[in-house]
Amino acid sequence: MNLEVNLRAALRREAPPADFADRVLARVKAKKRRPLRPWMAIAAALAAAAIIPAAYEHHESAKKERAREAARELTVALKIAGQKLHWTQQKIRRRADGV
Amino acid sequence: LRADQAGRFERLLREHQSMVFSLALRFLRDRAVAEELAQDVFLKLYEMLGELETDEHVRYWLRRVTCNRSIDESRKRKIRPRLTLAEVPEPSVRPNTGDPLMSDVLRKLVAALPERARAIVVMRYQEDLDPAEISRILDMPASSVKSLLHRSLHVLRGKLERATKQQGQEAAV
């Protein structure tokens, strides 16, 4: 019994199923359609890292501007109210003095 | 991949599909699992192809990756408990020389070898590689490959001879 001859016969290559190559090619095609590859994910992360702080900054400055505008409006409203109060006080005083 | 590389990939896939599938099959002894592993190896090749300049390099890469993945998969699935060479089980079917069952018995015995020994035997007798080539693929010294191959053959021969002798005695009775 020649073991090595028998081993060569026993371990000779076997063909995979007939559609093996086609199935691999289909998986390759499906993989190609996947939108995000590692380099794309890295690029997206870098872009997000650049955009998010800028967007946050913009949002914060817009918020501050709105607050400043509201404060200005409040100041004007208080001034108007103060003036009206002053005129009313003057009217009351004049009536009280019989003018 | 560029169009020419895509064409190269398909050519290499068709050329090496039997090699990759058979290597996985010898380790895993399950056609479906071997096919899935072989598909994964080719998908990885598709990603790596730009870095593998020659077809010789591709063949070497395929053997190495298939072998390593098969060893990992075999361990993960606990297909066979870790045994030393001496603990390899006796064949349950006793073969005659020239018996059509001989190949099946041998495949089972090889599949029962410890991973490294199995890889060496498969590389030697399926792929017809010499110990120096096997040592490069498995990252181990050529002297260790030769010694492990020698011991594996000794174990396989012993188990087959014992099985054959036992069968002869049973036939005489």
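**Reading helices, contacts and burial**

User: Leaving aside neighbours within four places in sequence, which residues is His16(B) in contact with?

Analyst: Contact means heavy atoms within 4.5 Å. With those sequence neighbours set aside, His16(B) has four partners: Phe42(B), Val58(B), Arg59(B) and Leu62(B). This is a predicted model: local features need pLDDT of at least 70, side-chain atom pairs count only at pLDDT 80 or more, and totals for chains, interfaces and linings use all residues. Residues are numbered from 1 along each chain as its sequence is written, chains are lettered from A and ligands numbered from 1 in the order in which they are written, and side-chain values use heavy atoms, with hydrogens and water left out.

User: Is His16(B) buried or exposed?

Analyst: Look at relative accessible area, taken with a 1.4 Å probe on protein chains only: buried is under 20%, exposed over 50%, partly exposed in between. His16(B) has 4%, so it is buried.

User: Where does His16(B) sit?

Analyst: His16(B) is in helix H1 of chain B. Helices (H or I, at least four residues) and strands (E, at least two) are DSSP runs, numbered from the N terminus.

User: How many helices and strands does chain B have?

Analyst: Chain B has seven helices and zero strands. Its elements run α-α-α-α-α-α-α from the N terminus on. Chain A has three helices and zero strands. Along the sequence, the pattern of chain A is α-α-α.

User: How do I read burial for a whole chain?

Analyst: Take the share of residues that count as buried. In chain B, that is 50% of 173 residues. In chain A, it is 10% of 99 residues.

User: What do the contacts in chain B say about residues far apart in sequence?

Analyst: Start with contacts in chain B between residues at least 6 apart in sequence. Of these, 70% join residues at least 24 apart. Thr66(B) shows how this works. Thr66(B) and Ala24(B) are 42 residues apart in sequence, yet their C-alpha atoms are 6.6 Å apart in space.

User: What else does Thr66(B) touch?

Analyst: Set aside residues up to four places away in sequence. Thr66(B) then touches Val20(B), Leu23(B), Ala24(B), Leu37(B) and Val41(B). Thr66(B) lies in helix H3 of chain B. Its relative accessibility is 0%, so Thr66(B) counts as buried.

User: How do I describe two packed helices?

Analyst: Give the angle between their axes and the distance between the axes. Axes are lines fitted to C-alpha atoms, for helices over the stretch in contact, and angles run from 0 to 180 degrees between N-to-C directions. Now take H1(B), residues 3–28, and H3(B). Their axes come within 10 Å and cross at roughly 30°. Among the residues that make the contact are His16(B), Val20(B) and Ala24(B) of H1(B), with Val58(B), Leu62(B) and Thr66(B) of H3(B).

User: How do the residues of that contact divide by class?

Analyst: There are 11 nonpolar, four polar and six charged residues in the contact of H1(B) with H3(B). Ala, Val, Leu, Ile, Met, Phe, Trp, Tyr, Cys and Pro count as nonpolar, Asp, Glu, Lys and Arg as charged, and the others, Gly among them, as polar.

User: What about Gln5(B), which is also in helix H1 of chain B?

Analyst: Gln5(B) has a relative accessible area of 13%, so it is buried. Beyond residues up to four places away in sequence, Gln5(B) touches Leu49(B) and Gly50(B).

User: Why is helix H5 of chain B largely enclosed by the rest of the structure?

Analyst: Count its buried residues. H5(B) spans residues 115–125, and 10 of its 11 residues are buried, so the helix is largely enclosed. The buried ones include Glu115(B), Arg118(B), Ile120(B), Met123(B) and Tyr125(B).

User: How do I read a phi angle?

Analyst: Check its sign. Most residues other than glycine have a negative phi. Arg29(B) has a positive phi, near 50°. Arg29(B) lies in the loop between H1 and H2 of chain B. Its relative accessible area is 39%, so Arg29(B) is partly exposed.

User: Where is Asp128(B) found, and what is its phi?

Analyst: Asp128(B) is in the loop between H5 and helix H6 (131–138) of chain B. Its phi is positive, about 60°, although Asp128(B) is not a glycine.
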